[in-house]
Each structure stands twice: as structure tokens, then as C-alpha cells.
Amino acid sequence: MLIIISKSDNYYRLGIENMEVYLDNNATTMVDPKVYDAMKPFFCDMYGNPNSLHKFGAGTHPKMVEALNYLYEGINAADEDDIIITANATESNNWVLKGVWIDLILNGNKNHIITTEVEHPTITATCKFLEDQGVSVTYLGVNDEGTIDASSVRNAIREDTALVSVMWANNETGKLFPIKEIGQICKDNNVLFHSDATQAIGKVIVDVQDTNMDFISFSAHKFHGPKGVGGLFIRAGIELTRLMHGGEQMGGRRAGTVDVASMIGMGLAMKLATTPEAIAYENDHVRRLRDKLEAAILELPETIVIGGKDNRTPNTTLISIRGVEGESMLWDLNQQSIGASTGSACASEDLEANPVMNAFGSDSELAHTGVRFSLSRFNTDEEIDFAIKTIVNAVNRLRTISSSYAYTPKHHASEL
Amino acid sequence: MAKNNLISGSIWDEYSNQVVRRMDDPLHQGEITEEQADSLGAKLVVADFGAESCGDAVRLYWAVNEDTNEILSSKFKSFGCGTAIASSDVMAELCIGKKVEDAVKITNIDVELALRDDPDTPAVPPQKMHCSVMAYDVIKKAAASYMNVDMESFEAEIMVCECARVSLSTIQEVIKINDLTTVAQITDYTKAGAFCKSCIKPGGHEDREYYLVDILAQTRTEIEEQKMRDAADLSAKDELTFDKMTMIQKLKHIEGVLDVDVRPMLIMDGGNMEIIDIKENMPHYDLYIRYLGACSGCASGSTGTLYGIESILQQKIDENIRVLPI
């Protein structure tokens with residue numbers, strides 16, 4: 001089993017009052033200590049450039065090959081396919097969209113990309129950039145459950161469609177998209193298919209062959225690997241103009257000396273996150289903790305799960321708590337050392353609500369009261385018990401202050 | 001962008017200790033019931049502003065002595081972020097002991113100042129300044145309800161930027177006086193648009209009645225139209241100096257002088273001239289001309305004749321005119 005219990009051992013030593021609970025694993029995760037250990041030799045001992053002929057450089061190759069093997073196994077890629085090490089899913093997403101633009105639109109007869117309105121900004125912002133360059137982009141709207149029907153992709157495909165890009169799982173709701181059906185539709189229509197699988201790796205099975213995938217993007221730090229490294233899967237035989245010029249690394253597809261330690265860390269993190277046992281643990285232990293947390297919050301009146309409970313990654317819940325604004329909630333949780341997240345506009349640098357909240361209606365109460373809890377295999381029952389107690393206290397305090405539950409005198413017609 | 005902007009800070013790091021304290025433990029959170037108001041011999045005033053669906057909502061309760069108009073007690077309830085709660089708390093506090101007619105003079109800027117730990121450091125990051133605006137609005141609403149007047153009557157001016165409280169007339173005046181041409185300049189001069197940015201252009205945090213981009217465009221148009229009207233008026237009174245003329249007026253004026261004082265001489269020699277362009281090359285006005293007919297080959301065209309034309313125009317029109325044959 002892969003469970004690390006040293007962290008919670010530590011809590012017992014410190015006493016439960018000092019507990020810190022990290023429930024923001026869709027933002028980033030703790031590096032698995034095993035991953036950290038695997039990376040260590042590549043900083044001060046085996047620091048050679050993997051492109052060098054001498055033993056300092058070439059000595060890194062066995063572990064790099066092993067890492068690649070883990071990555072290929074983790075998403076069931078064929079040996080003929082490519083998995084290119086990138087800086088993160090942001091780079092991978094940019095590369096797919098801009099590469100397809102150069103290859104099939106600027107130098108071809110296509111001019112259309114299909115995506116959804118709830119993708120991560122690395123997709124939507126890049127699509128907006130391509131729109132400025134004259135590309136036609138269709139943003140598919142989501143249904144009440146925050147996902148799309150595969151048929152909407154079929155209906156949107158045109159003669160000049162170059163690419164369909166649909167996320168595997170949504171970062172805010174955890175909702176899973178009908179990737180397999182969309183893959184079949186794209187194959188039948190001879191359109192390239194990309195999925196941003198950043199939030200799916202390690203939470204559900206990601207199988208590129210079963211889903212007719214042409215490209216997937218992922219980021220190591222979302223599955224207990226280090227930050228600053230990610231990958232792009234490219235199906236065998238697909239040309240994709242490179243973004244990075246300058247060297248022949250990665251089979252000539254991406255210039256730049258490979259971050260050896262990070263690549264090796266990502267490889268092991270992939271293995272630890274995607275074995276059948278790991279997926280089973282996610283689906284059993286993490287799901288149970290998530291459901292326990294969710295059920296306890298839903299016992300409070302006027303709370304709902306945004307997008308509903310079906311068809312989600314096992315670690316995520318996005319809950320609307322009436323009368324409690326998201327940033328206030330995060331504030332109270334942070335005061336008790338609990339880390340969570342909100343899509344509320346008030347908590348963002350630019351006062352813009354995130355696209356998922358907008359998809360559910362930016363003027364609805366949901367847009368301001370959603371709090372996201374995203375768990376990981378490192379969370380424990382004790383942590384969840386502490387989180388539940390803290391969340392209930394925070395909701396009660398903030399509802400005491402909230403105008404949503406304020407006393408209204410008989411003669412006053414409420415305008416709230 | 002610069003070193004300080006490369007790693008975006010947490011907005012919470014920019015909250016003052018006052019904001020933190022009032023968020024963690026708001027002193028004036030609560031309600032005043034009719035019974036409590038009665039026991040104080042006061043009138044209960046309740047006002048609501050905002051809505052949960054907007055992300056911010058506040059309810060203000062006052063107990064007001066109807067003989068003196070004094071606010072004896074003041075409490076709030078707030079749905080919003082930490083700064084909204086802290087702003088509401090300080091707003092409720094500032095009302096206590098004031099007469100209603102004085103309470104309406106408390107603005108969001110007073111609320112933000114009261115939340116500062118030291119006078120020179122803002123209590124909240126710029127985008128959160130917006131939260132204090134609602135605290136101000138709900139006071140006006142409560143006062144309007146008590147005094148039975150429209151809440152708009154407390155605002156003598158149209159506020160384009162509520163965060164920095166900059167009025168439409170101020171913005172128009174600043175554009176005109178300083179001849180501003182960009183929204184960034186307006187923000188530099190007035191602070192309008194420096195906080196939540198809603199008032200800059202449509203599509204921001206909240207919908208506004210007036211946007212800086214529109215005010216700028218309209219005021220620029222007014223400035224240009226005014227310049228032309230002034231030129232036309234002076235021209236009609238024959239008081240227009242050459243430098244104040246529009247380009248067309250300058251051209252006409254020069255053509256007039258050329259027709260009377262220059263062309264007859266050139267025509268006598270079987271030639272003529274035409275104006276190609278006038279360029280303002282301050283302090284000079286460069287007049288580009290081309291000789292026609294016999295003049296086009298005449299050697300004197302770049303010496304004597306040229307000086308002759310130039311000195312006539314300098315004497316009769318403006319000493320800064322230069323004539324350049326091409």
C-alpha cells in the first residue's frame with residue numbers, strides 16, 4: 001500500500017488543536033516523500049547533462065528510461081506514441097492548440113476548434129488568442145450538472161474543424177466528461193482530439209488507447225509529483241510543430257535540457273498514482289473521506305453540492321453554503337489551518353468569478369457561496385473529523401453575521 | 001510589471017490588522033429588535049443594500065431618537081467577504097452618537113481610513129476598496145428611510161467611480177484642463193478607476209451607468225468641437241490670429257495673400273505656383289509649394305523669388321512661415 005501515515009502521527013504528537021488540514025489538492029499536492037527521495041540523487045550526485053556522452057550525463061539515462069516506462073504505463077500509451085516532458089500542463093495545452101493552429105490552420109485548410117466553456121484558462125485563454133488570429137472557436141456550454149453531452153460535440157463538428165479539446169475532469173466540480181464517446185465521435189469524423197487530463201490522473205483511470213486520444217496534457221504536481229514538470233502525450237504519427245526551438249532533446253520535439261530530477265519524480269509519482277491499487281485506494285479511501293466530509297456539511301440546512309454528486313472524481317466536492325460568502329469561509333478555515341478554495345469572485349485578484357461558477361450563472365447565489373474541498377490519499381479520518389468540526393463552526397459563525405439570516409422586523413419589507 | 005509584481009501576493013496579506021480583527025470578531029454585528037428600540041424610546045430604522053446574488057449584501061439597524069435625530073444604537077448583518085464584514089463593522093460604529101443628517105456624510109473613504117493601522121497605508125488591496133462602498137450606500141438608504149426622502153438626494157453629484165468617489169463633472173473638468181487623452185491619465189490625475197476598475201469600461205465587476213472610456217471619448221469630442229467653434233467665432237470677428245486657425249483656415253488665408261500679392265507677379269512672367277502641403281513644425285509653419293509654367297525652370301525660384309514669397313507671407317501673415325519649394 002502507498003499510504004504515508006507519518007504526517008498524521010505527527011498530529012498526535014502535536015495534539016489535535018495544532019492540526020493542519022490541506023483540502024486544496026486540485027490546486028496542488030504535497031510531493032510524496034517517496035517521490036522526493038527518488039529525486040534527491042539527481043541534484044548533487046548525478047547532476048550531469050543527460051545529453052553529454054560522459055558517465056556523468058549518460059549515467060542519468062537508466063532512471064529516465066524507468067520514469068518514461070512509468071509514464072507510458074500510467075496512461076496506457078503504446079511504445080510508438082510520444083510522451084514529451086514539458087514544464088507543466090499549461091505548456092502542454094498551449095503547445096497542442098498553437099501547434100494544431102500552425103499545422104492545420106495556418107498551413108492547412110482547417111479553421112475551427114471546439115472546446116467547452118469550463119476549461120482551465122490555459123485552454124480558454126489560448127483559444128481567445130487564436131480567435132484574435134482569425135480562428136473560429138466553439139465553446140460548448142455545460143448542462144445543469146456542469147458537464148456536456150457527447151452529442152453536442154458531434155453537432156458542432158464542421159468540415160473545417162481541426163481539433164476538439166475537452167477536459168477529462170473539471171477542476172472545480174470534479175465532474176467527469178464523456179471522454180470515451182467524444183473520442184469515438186472525433187475518430188469517426190477524422191478530427192484530432194485533445195483532453196486536458198490534469199485533474200484526472202490518479203483519480204480515475206486515464207487510458208489513451210481506450211478513448212481514441214490523440215493528445216493529453218498533465219501536470220506532475222497534481223498527483224504528488226513536483227511543480228514545474230508535466231507532460232504531453234502525442235499519438236504515434238501525429239506531426240505537431242514544436243513550440244521550443246533550439247535543441248534535439250525529447251526526440252527533437254521539445255528543445256531544452258530535461259529537468260532530470262523532476263522527470264524522475266514525475267515518473268514515480270505517476271506510478272504511485274495509477275497502479276490498480278492506487279486507483280482502488282482513491283476510489284475507496286479517498287472517496288469515503290470525501291463522502292463523509294460532504295455528508296456532514298450537507299447536514300447543515302441550505303447546503304447543496306454544485307453540479308450534483310454523480311459522475312465525479314472521488315476527491316472533489318464543490319458545496320454551496322447559503323448565506324456564507326466563499327472568501328469569508330476560506331478566511332475562517334484558514335484561521336484554523338484548513339486550506340480549501342472558492343470560485344467566488346471576491347477571492348480572486350481581478351474580482352472575476354471563475355468560468356465554472358459563471359457557467360452555473362454568475363448572478364446566482366451559487367457563484368458567491370461555493371467552497372471547494374479537494375482531498376488526497378494523504379488525508380486521514382482524523383483530519384476530516386477536525387475539518388468537519390471547524391467547517392460547522394465557521395458556517396454557524398458566518399451565518400450569525402450574515403444578512404441572509406438576519407432578523408426582519410414586522411414593518412420592514414426585506415430587499416435582500 | 002516589475003520585480004514586485006512577478007509573484008502575485010495574497011490579497012489577505014494586504015489587509016490591515018483592523019480588518020483582520022473586525023473580521024474575526026465584529027463588534028457591531030447583530031440586530032436591533034422593535035422591542036429594543038422601544039425600550040430606548042427610539043425609532044427602529046432598517047435598511048438593506050446589495051443582494052446575495054451580487055456577492056455582497058448588508059442590513060443596517062439604527063435606533064434613532066426622534067426628537068434629536070441622534071443614532072443611539074447601530075448594528076449590522078452582512079453577507080460578504082472579510083473586507084465587507086470589516087467595513088460594515090466600522091461603518092456601524094461610525095454612526096453611533098451621530099445625528100442622522102451627519103451620518104449621511106460618512107463616506108466609504110472615511111470607512112476605509114478608519115480601518116487603517118497607520119494613516120499612510122491602505123487598509124485593503126485596491127480591488128477590495130469596492131466593499132466599503134456598500135457600507136456608505138446602506139447609510140444613505142437608512143437615512144433616506146428615516147427622513148422620508150429619496151436616497152439619491154444625498155448625492156449632489158453623479159459618482160462615476162464610487163471607490164474613489166470621483167464625480168462626472170470632476171472627470172470632465174480634469175480631461176479638459178489637462179488635455180488628457182487616455183484613461184490611464186484620468187486614473188493618475190483622479191484615482192478614478194484605480195480600485196475595482198468597474199468604471200473603466202463595460203464588462204467589469206459591476207455594471208455602471210457611466211464609464212471612463214465613454215466620458216473620455218465624449219469629452220475629447222467636445223474639446224475638439226469647442227476649438228473649432230472658437231476659431232470660427234474669432235474668424236467672423238476678424239480677430240483670429242494665424243496660430244489659432246484650423247488648417248483649412250490657414251490654407252485659405254495663405255491662398256488669399258498669394259492671390260493678391262504673389263501670383264500676379266508670377267503670372268506676368270508666364271508662371272505660377274501651387275500649395276502642396278502645410279506642416280506644423282513648431283514654432284514654424286512649413287509651406288510646401290511647387291512652381292508652375294515658366295517659374296518651374298527659373299533659377300530665381302530657389303533664391304530671390306523664394307525669399308520674396310516668404311517675406312510677403314511673413315509680413316502679412318506670420319513671421320514663422322517658411323516656404324519650401326519641392
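The following dialogue explains the terms used to describe this predicted model.

Reader: How are residues, chains and features labelled and selected here?

Author: Residues are numbered from 1 along each chain as its sequence is written, while chains are lettered from A and ligands numbered from 1 in the order in which they are written. Since the model is predicted, local features need pLDDT of at least 70 and side-chain atom pairs count only at pLDDT 80 or more, whereas totals for chains, interfaces and linings use all residues.

Reader: What is the mean pLDDT of chain B?

Author: The term pLDDT is the predictor's confidence in each residue, from 0 to 100. For chain B the mean is 90, and 100% of its residues reach 70 or more. Among the elements of chain B, strand S3 (residues 70-79) has the highest mean, 97, and helix H1 (residues 3-6) the lowest, 79. The model scores ipTM 0.87 and pTM 0.83.

Reader: What makes a run of residues a helix or a strand in chain B?

Author: Both are DSSP runs numbered from the N terminus: helices (H or I) need at least four residues and strands (E) at least two. Counted in this way, chain B has 12 helices and 8 strands.

Reader: Why are S2 and S4 of chain A said to stand at the edges of the sheet?

Author: In chain A, 7 strands form an open sheet with mixed pairing, in the order S2-S8-S7-S6-S5-S3-S4. Strand S2 (82-86) and strand S4 (136-140) of chain A each have a single partner strand, so one side of each is left without a neighbour in the sheet.

Reader: How do you know that S2(A) and S8(A) pair?

Author: Two strands pair if DSSP finds at least two bridges between them. S2(A) and strand S8 (residues 230-234) of chain A have 5 bridges, in the antiparallel sense, and therefore meet the definition of a pair. In S8(A), Leu232(A) is the bridge partner of Ile84(A).

Reader: How is the radius of gyration of chain B set against that of a compact globule?

Author: The radius is taken over C-alpha atoms, and the globule rule is 2.2 Å times the number of residues to the power 0.38. A compact globule of 326 residues would have a radius near 20 Å, but chain B has 32 Å. The C-alpha trace of chain B spans about 105 × 50 × 35 Å along its principal axes.

Reader: What makes a residue of chain B count as buried?

Author: With C-beta atoms placed from the backbone, a residue is buried if 20 or more other C-beta atoms lie within 10 Å of its own, exposed if 12 or fewer, and partly exposed in between. Buried residues make up 36% of the 326 residues in chain B.
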